[in-house]
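Trainee: I have a protein model open, and I'd like to learn how to read it. Could you walk me through it, one feature at a time?

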Amino acid sequence: MTSVSTELSTKTQQAVADTQSALQCSGSEGRNGVMEEGPYKYIRDGNGKVSRVIRIGTRKSQLARIQTDSVADKLKELYPDVHLEIVAMSTIGDKILDTALSKIGEKSLFTKELENALEKNEVDLVVHSLKDLPTSLPAGFTIGAVLKRENPHDAVVLHPSNAGKTLDTLPEKSVIGTSSLRRAAQLKKRFPHLEFKDI
């Protein structure tokens, strides 16, 4: 978690500087004390204090929201005065539901729209599952923090006729369905007697 702390410390210092500028700027104030100046958003609380709003980009999926909420909770715990806004959006990978992702032929299926929003200053940071990131990040982008990993184990759901069996003891040429190339590659190596199909 140190990397989260270090990344936000820098961001918080910038936010303080931005806030001081905002106090001197002529940005128009909207409802609920929200102001915008250039690509940034600020909020004025009931005591007149102006703070930068940190916008966190994420996918709309339930898992993405759970991950993003955990990041936001950690940031609020470390920096209780920071105002956070979660900006959820759909990606190509979320929209194409009838084709195996490995057959779409597009990179960054779950990250491109978020990266575009980051590049256009529509969000200040984005939260990804590390497995969704391409091997090489686009120019100008960096991984600012990696959170402590949750339980990394996958689950296998077997047909009732295979109750009590494991992947080791399944009959030869039993078919395992998965939408993940990574899982299929790992399982093929460990269980060569099984077959794998996209779902």
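Mentor: Let's go from the whole chain down to single residues. First, this is a predicted model, where local features need pLDDT of at least 70 and side-chain atom pairs count only at pLDDT 80 or more, while totals for chains, interfaces and linings use all residues. Residues are numbered from 1 along each chain as its sequence is written, and side-chain values use heavy atoms, with hydrogens and water left out.

Trainee: How many helices and strands does the protein chain have?

Mentor: Helices (H or I, at least four residues) and strands (E, at least two) are DSSP runs, numbered from the N terminus. Here the protein chain has five helices and seven strands. Read from the N terminus, their order is α-β-β-β-α-β-α-α-β-β-α-β.

Trainee: What share of the residues in the protein chain is buried?

Mentor: We call a residue buried under 20% relative accessible area, exposed over 50%, and partly exposed in between (1.4 Å probe, protein chains only). In this chain of 199 residues, 29% are buried. The accessible surface, from the Shrake-Rupley method with a 1.4 Å probe where for residues only the protein chains shown count as cover, comes to about 13300 Å². Carbon and sulfur atoms hold 51% of that surface.

Trainee: And what about contacts between residues far apart in the chain?

Mentor: A contact means heavy atoms within 4.5 Å. Of the contacts in the protein chain with a separation of 6 or more, 46% are between residues 24 or more positions apart.

Trainee: Let's zoom in on a helix. How do I check the length of α2?

Mentor: The expected span of a helix is 1.5 Å times one less than its number of residues. Helix α2 (residues 62-78) has 17 residues, so it should span 24 Å, and its end C-alpha atoms are indeed 24 Å apart.

Trainee: Which residues of α2 are buried?

Mentor: Ala-64, Thr-68, Val-71, Ala-72 and Leu-75 are. They cover an arc of only 100 degrees around the axis, so they sit on the same side of α2. That arc is taken from the directions from the helix axis to the C-beta atoms. The face turned away from the buried side carries exposed residues: Gln-62, Leu-63, Ile-66, Asp-73 and Glu-77. Asp-69 also lies in α2, and counts as partly exposed at 33% relative accessibility.

Trainee: How do I spot a salt bridge?

Mentor: Side chains of opposite charge can pair when their charged atoms come close. The cut-off is a side-chain nitrogen of Lys or Arg within 4 Å of a carboxyl oxygen of Asp or Glu. A search of the whole structure gives six of them. In one, Asp-124 pairs with Arg-52, with the closest N and O atoms 2.5 Å apart. Asp-124 is in the loop between α4 and β5 and Arg-52 in strand β3 (residues 50-59), so the pair ties together parts 72 residues apart in sequence.

Trainee: Are Asp-124 and Arg-52 buried or exposed?

Mentor: Asp-124 is buried, at 12% relative accessibility, and Arg-52 is buried too, at 6%. For another case, go back to α2: Lys-74 forms a salt bridge with Glu-77, the closest N and O atoms being 3.1 Å apart. These two are three residues apart in the helix, about one turn. Lys-74 is partly exposed at 23%, while Glu-77 is exposed at 57%.

Trainee: What does an unusual backbone angle look like?

Mentor: Most residues other than glycine have a negative phi. Asn-121 is not a glycine, yet has a positive phi of about 60 degrees. You'll find Asn-121 in the loop between α4 (112-119) and β5. Lys-173 also has a positive phi, near 65 degrees, and is in the loop between β5 and β6.

Trainee: Last one: which residues form the nonpolar patch on the surface?

Mentor: Patches are made of residues with over 30% relative accessible area and no salt bridge, joining like charges within 9 Å and nonpolar side chains (Val, Leu, Ile, Met, Phe, Trp, Tyr) within 5 Å. Here Leu-130, Leu-137, Ile-143 and Val-146 make a nonpolar patch, with about 340 Å² of accessible area together. Try finding Leu-137 in the loop between β5 (125-126) and β6 (175-178); Leu-137 is partly exposed, at 31% relative accessibility.
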